[in-house]
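Me: I'm new to reading structures, and I'd like a close look at a single part of this one. Could you take me slowly through the big sheet, and then through whatever sits around it?

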There are 2 protein chains.
Amino acid sequence: MKKDRPLILISNDDGVAAKGLNELIRFLRPLGDLVVMAPDAPRSGFACSITCHTPVSYELVHEEEGLTIYKCSGTPTDCTKLAFYTVLDRNPDVVIGGINHGDNSSVNVHYSGTMGVVIEGCLRGFPSIGFSLCDHDLDADFAPLERYVQRITMKVLEEGLPALTCLNVNFPKASSFKGVKICQQAKGLWVKEWIRRKDQEGLVFDIAGEFMDTDADCELNDHWALRNGYVAITPTTVDATDYEMVKRMKDWF
Amino acid sequence: MKKDRPLILISNDDGVAAKGLNELIRFLRPLGDLVVMAPDAPRSGFACSITCHTPVSYELVHEEEGLTIYKCSGTPTDCTKLAFYTVLDRNPDVVIGGINHGDNSSVNVHYSGTMGVVIEGCLRGFPSIGFSLCDHDLDADFAPLERYVQRITMKVLEEGLPALTCLNVNFPKASSFKGVKICQQAKGLWVKEWIRRKDQEGLVFDIAGEFMDTDADCELNDHWALRNGYVAITPTTVDATDYEMVKRMKDWF
């Protein structure tokens, strides 16, 4: 690798074959050298999980000037951790998760394997960005995202991000966007989360659900931005401390 | 269930057979009616992951007055979500994860299945607490925790917790504690995370690691508290928005 080009580490949770990953690679090729370490199969909803009880492995899938692609048997977070330990010969300038097939805004940040990649990059001290498109279709149209993904990535390469802060970027399903909004995580909760059915083993449950916004009209929210045709960038912290509550609890015990 | 007693929903990530879970049940029996929905096998490091591609199921393990125990094929978060959908006949007064065999302080909040339970309870709007002991031993001694677990749970039952805030409570491995500290999440990162070895499939990697504190001497931190013999309570938010960065990014695009 030429050392004067930015180094971009990429992973995702939809797996190495996903269209979203391969579109991301295409968008970012002009911006730097890419190293991809992606799960060998879809691992949606894996959050920041790590593989504790079995070993993981990886193998080279593709190599050309400025682009190396590996697949890994582990979770999205494993992929990210393992890339640092095995295949990177220098620190990345940015760590990117995505492009996810599906919405990772609002509380989904907690369940998202894509954001698992991003949180891991951030915890290690590197500027990190997650890109997600609100469209689960395997053949979703990512073309409208190209110039936004490039612009946001270039901005982060130029400006960096503060320690402990990463970006959760979500795109509405649309052929064009009204612009970018810097957002807060919308408040709300998943309801009707399970579909109950009988199979040969007995009663089983498939995850499903509808999201119920509890502050749907707040224009500061990522959900509002997405519903209204904007690209939603939610600055996200990996410091989960509730500092206000630290103060309030001082006299609890 | 008698409706005048508090209802406590419990899950964990070490599985239904873990000593930590069964000690927690013993400690909390005097405080309320308990419903346990725990993984049917150990699922450490599962974070907030959800099972997207296969169905999950559960079954009754044990039932007596004031205590019902189920085991579930899913992740800790699945267990929590499924309990709400299937076995609870009213809202819990508190949701509790643990007692974990191992430390969930500092950045481990992101990887912890125990905290997956707690974050899920909190996202659904219920006061939620995670208890963890810094001892991975399957036969760890939980007895010194009893009165702290009871006191913290009673306090939360009395006072509640603010929306979007849960508690991450960690105990040092010790026969007694110096008291309770209300803490911040210690900053730092995992290093030397993989052990490389050859098996019949070729080169594989087992997760391991050492934690490197980057602000080790800060007396406000959960790691400091644990190292110095205190019970560390870290108030934890499920709103991951970095509000300071929202302001700073207003002129980025």
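Reply: Sure, let's start with the sheet in chain B of this predicted model. Nine strands make an open sheet there, and they run in the order β3-β4-β2-β1-β5-β6-β7-β13-β8, with mixed pairing. The edges belong to β3 (58-64) and β8 of chain B: each has a single partner strand, so one side of each is left without a neighbour in the sheet. On average, neighbouring strands of this sheet are turned by 20° against each other, if you ignore direction.

Now zoom in on β13. As background, strands of a sheet pair through backbone hydrogen bonds, in either a parallel or an antiparallel way. In chain B, β7 (residues 165-171) and β13(B) pair in the antiparallel sense over 6 bridges. One spot to look for is Leu167(B), whose bridge partner in β13(B) is Pro235(B).

Hop over to chain A for a look at β13 there. Strand β7 (residues 165-171) of chain A pairs with β13(A) in the antiparallel sense over 6 bridges, and Val169(A) has Ile233(A) as its bridge partner in β13(A). Strand β8 (residues 180-182) of chain A also pairs with β13(A), but in the parallel sense and over 3 bridges. Here, the bridge partner of Val180(A) is Val231(A).

Is β13(A) covered? Mostly: 7 of its 7 residues are buried. In a regular strand the side chains alternate between the two faces of the sheet. You can follow that here, with Val231(A), Ile233(A), Pro235(A) and Thr237(A) pointing one way from β13(A), while Ala232(A), Thr234(A) and Thr236(A) point the other way. Residues on both sides of β13(A) are buried.

Back in chain B, look at the helix α3(B). Of its 11 residues, 11 are buried, so α3(B) is largely enclosed by the rest of the structure. Among these buried residues are Gly113(B), Met115(B), Val118(B), Glu120(B) and Leu123(B). What does the covering? It includes β1 (7-11), α2, β5 (94-101), β6 (128-133) and β7 of chain B, together with β9 (188-191) of chain A. After α3(B) comes Gly125(B), which has a positive phi near 100°.

That β9 from chain A brings us to the place where the chains meet. The contact takes 58 residues from chain B and 58 residues from chain A. On the side of chain B that touches chain A, the elements supplying at least two residues each include α2 (76-86), α3 (113-123), β10 (194-199) and β13 (231-237). The most comes from β11(B), with 6 residues. Sorted by class, this side of chain B has 32 nonpolar, 16 polar and 10 charged residues.

How do the two chains relate? A turn of 180° and a shift of 0.0 Å along the axis lay chain B on chain A, with an RMSD of 0.0 Å. The two copies are thus related as by a two-fold rotation axis. What's more, 100% of the interface residues of chain B are also interface residues in chain A, so the copies meet through the same surface.

Last, a word on confidence. Chain A has an average pLDDT of 96, and 99% of the residues score at least 70. For the complex, the predictor gives an ipTM of 0.96 and a pTM of 0.96.

How values were computed
Residues numbered from 1 in each chain as written. Chains lettered and ligands numbered in written order. Predicted model: local features only at pLDDT ≥ 70, side-chain atom pairs only at ≥ 80, totals over all residues. Least-squares fit on C-alpha atoms with pLDDT ≥ 70 in both. Contact = placed C-beta atoms within 7 Å. Helix = DSSP H or I, 4+ residues; strand = E, 2+ residues; numbered from the N terminus. Nonpolar A, V, L, I, M, F, W, Y, C, P; charged D, E, K, R; others polar. Pairing = 2+ DSSP bridges. Axes fitted to C-alpha atoms, helices over the stretch in contact; angles between N-to-C directions. Buried ≥ 20, exposed ≤ 12 C-beta atoms within 10 Å, placed from the backbone. pLDDT = per-residue confidence, 0-100.
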